Amino acid sequence: MTESSVHPALWPAPRATGAVDATVTVPGSKSVTNRALVLASLSSEPGWLRRPLRSRDTLLMAQALRAMGVGIEEGVGPDGSGEAWRVIPAGLHGPAQVDVGNAGTVMRFLPPVACLADGPVHFDGDPRSYERPLHGVIDALKSLGARIDDDGRGTLPLTVHGAGALDGGPVSIDASSSSQFVSALLLSAPRFNQGVEVRHTGSALPSMPHIRMTVDMLRSVGAQVDEPESGGEPDVWRVSPSALLGRDLTVEPDLSNAQPFLAAALVTGGRVTVPDWPLRTTQPGDALREIFTAMGGACELTERGLTFTGTGSVHGIDVDLSEVGELTPGIAALAALADSPSTLRGVAHLRLHETDRLAALTKEINGLGGDVTETADGLRINPRPLHGGTFHTYDDHRMATAGAIIGLAVAGVEIENVATTAKTLPDFPDMWTGMLGEPSGAVGVSSGALGAPAARRGV
Ligand SMILES: O=C(O)C1=C[C@@H](OP(=O)(O)O)[C@@H](O)[C@H](O)C1
Ligand SMILES: C=C(OP(=O)(O)O)C(=O)O
């Protein structure tokens, strides 16, 4: 957690003047878009990606794959509806330069792809990318036959000397610091000569839904995967070598990015509908239905989408978030506004996310008068009356949206560098003001909040 030396603009987080009543169309999932781009690039035929997320993380992924020779073109989709990317796989080439920004998916999913290129691929990124763990991917690839030049710290920068192919085979890794190590090795494995057998040997593995997403998406393009949840050995995943099919995939809305909007329903005692919420999904954000219900709301999932209704008060929660770590900042923000204490557990690995999220949430909520304590694996949050002030974001999109949630209920909260939401949700500020019924030129939001009655909990 380092504060920027320059002070990007402060964004006055709008305070809700009434119960929110809005429909918010949320852009596509980062995790699905970036997996789909990788799988389509490794396929033996072109494919379509409809409603892809266009954000910093996904544009970096597309740019990196293009740099290795993949065609990714703008289009309108095979049936003429909706914006789409057409992905045209090609022989992967080096030399190439990859900028990972601070995208975990790019820095972890692409080194295995680069092993299949016919020359060197150099990886670099934001300063924070030098601190985020990558050892599981680097060590595994080396033991599977790759030549990688790195500085031995298990992080970026590095150069993968692609040899056009990789042996693959069995490998053991400790993925307790990021599930993305497992996903990375599995995604490219159909193209390894022997496929892969990944054995996780460390302590608890976080973010299991994201590994399920990887397995599901691999199967949907024709890969054969054996895994613990369909009767395989615990902590072992096997992918057989095979060609991958080009598909026509529509990306689901990003349910984790739906979080702040659903939270607004809870905080203001209002109602928010997110259209196209999938009836079945591997996205961790689906857990919000249960978590936010326990925190005082009610939800209804229909063919039209998810409607979440606040009850007028927010309750504290004691919850293990190890499967859904990326939801922690938003839950912490709500917990700071609740009527009882909360304990968030199972998320020690968040110290190595975009920033040290446990330290950042503690410092920023306490800076507004809160009472948050870091524990070994999470946060203890005692709600206190909060006051306005600057909410620093440490280049972390989810810190910015967490601050906006608090700002709904607390006057004078100013979010530093709200533009950092561009990592996964570039339209966030306009979507947020649109939801609140403020003039904004909002994209994808319709709101009934203007002139609505005062929120039941008096925000
Ligand atoms: O594979 C993915 O798409 C992700 C996996 C998770 O990473 P960690 O397992 O490193 O937490 C999650 O937090 C991240 O936002 C996205
Ligand atoms: C941890 C996150 O991202 P990344 O994919 O960069 O790991 C996140 O989006 O919360």
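How far does a polar side-chain atom of Gln180 lie from an oxygen atom of ligand 2, and what is that distance in Å? I opened the notebook with this point and found a separation of 3.2 Å. I note at the outset that the model is predicted, and I read every value below as computed from that model.

**Entry 1. Ligand 2**

I looked up the surroundings of ligand 2 and counted 14 residues around the ligand. The closest are Lys30, Gly104, Arg132, Arg398 and Lys423. I then sorted the shell around ligand 2 by residue class and obtained seven charged residues, six polar residues and one nonpolar residue.

I next looked at individual side chains. For Lys30, one of the closest residues, I recorded 2.7 Å between a side-chain N or O atom and an oxygen atom of ligand 2. For Arg398, also listed among the closest, the corresponding distance to an oxygen atom of ligand 2 is 2.6 Å. I checked burial directly afterwards: ligand 2 taken alone exposes 300 Å², and the protein buries 96% of that area.

Which helices each supply at least two residues of the shell around ligand 2? I found helix H3, residues 104–114, and helix H11, residues 397–409. As to location, the space taken by ligand 2 is the largest cavity.

**Entry 2. Ligand 1**

I turned to ligand 1 and found 13 residues surrounding the ligand. Ser31, Arg35, Ser178, Ser179 and Glu326 are the closest. By class, I assigned nine residues of the shell around ligand 1 to the polar group, three to the charged group and one to the nonpolar group.

I recorded three side-chain distances to oxygen atoms of ligand 1. A side-chain N or O atom of Ser178 is 2.7 Å from an oxygen atom of this ligand. For Ser207 the value is 2.9 Å, again from a side-chain N or O atom to an oxygen atom of ligand 1. A polar side-chain atom of His349 lies 3.4 Å from an oxygen atom of ligand 1. On its own, ligand 1 has 380 Å² of accessible area, of which the protein covers 96%.

Where does ligand 1 sit? I found ligand 1 in the largest cavity. Helix H1, residues 30–41, and H3 are the elements that give two or more residues to the shell around ligand 1. H1 gives the most, with three residues. I cross-referenced H3 with the previous entry, where H3 supplies at least two residues of the shell around ligand 2.

**Entry 3. Backbone at Ser207**

I returned to Ser207, whose side chain I had noted beside ligand 1 at 2.9 Å. Ser207 has a positive phi of about 55 degrees, although Ser207 is not a glycine. I placed the residue in the loop between strand S11, residues 196–200, and H6.

**Entry 4. Cis peptide bonds**

I looked up peptide bonds that precede proline. The bond from Gly94 to Pro95 is cis, with omega near 0 degrees. Pro95 belongs to the loop between strand S5 (84–88) and strand S6 (96–99). I also recorded a cis peptide bond between Leu156 and Pro157, with omega about -5 degrees. The loop that holds Pro157 runs between strand S8 (148–150) and strand S9 (158–161).

**Entry 5. Salt bridges**

How many salt bridges does the structure hold? I counted 26. I examined one of them, between Asp216 and Arg280, where the closest N and O atoms are 3.1 Å apart. Asp216 lies in helix H6 (residues 208–220) and Arg280 in the loop between strand S15 (271–275) and helix H8 (288–294), so this pair ties together parts 64 residues apart in sequence.

Note on methods. Residues numbered from 1 in each chain as written. Chains lettered and ligands numbered in written order. Predicted model: local features only at pLDDT ≥ 70, side-chain atom pairs only at ≥ 80, totals over all residues. Heavy atoms only, no water. Near = heavy atom within 4 Å. Polar contact = N/O pair within 3.5 Å; in protein donor to acceptor, adjacent residues only side chain to side chain. Areas by Shrake-Rupley, 256 points an atom, 1.4 Å probe, with all protein chains shown as cover. 1 Å grid on protein atoms, 1.4 Å probe; cavity = no way out; pocket = protein on both sides within 12 Å on 5 of 7 lines; lining within 4 Å. Sits in = over half its atoms within 2 Å of the grid points. Helix = DSSP H or I, 4+ residues; strand = E, 2+ residues; numbered from the N terminus. Nonpolar A, V, L, I, M, F, W, Y, C, P; charged D, E, K, R; others polar. Salt bridge = Lys/Arg side-chain N within 4 Å of Asp/Glu carboxyl O.
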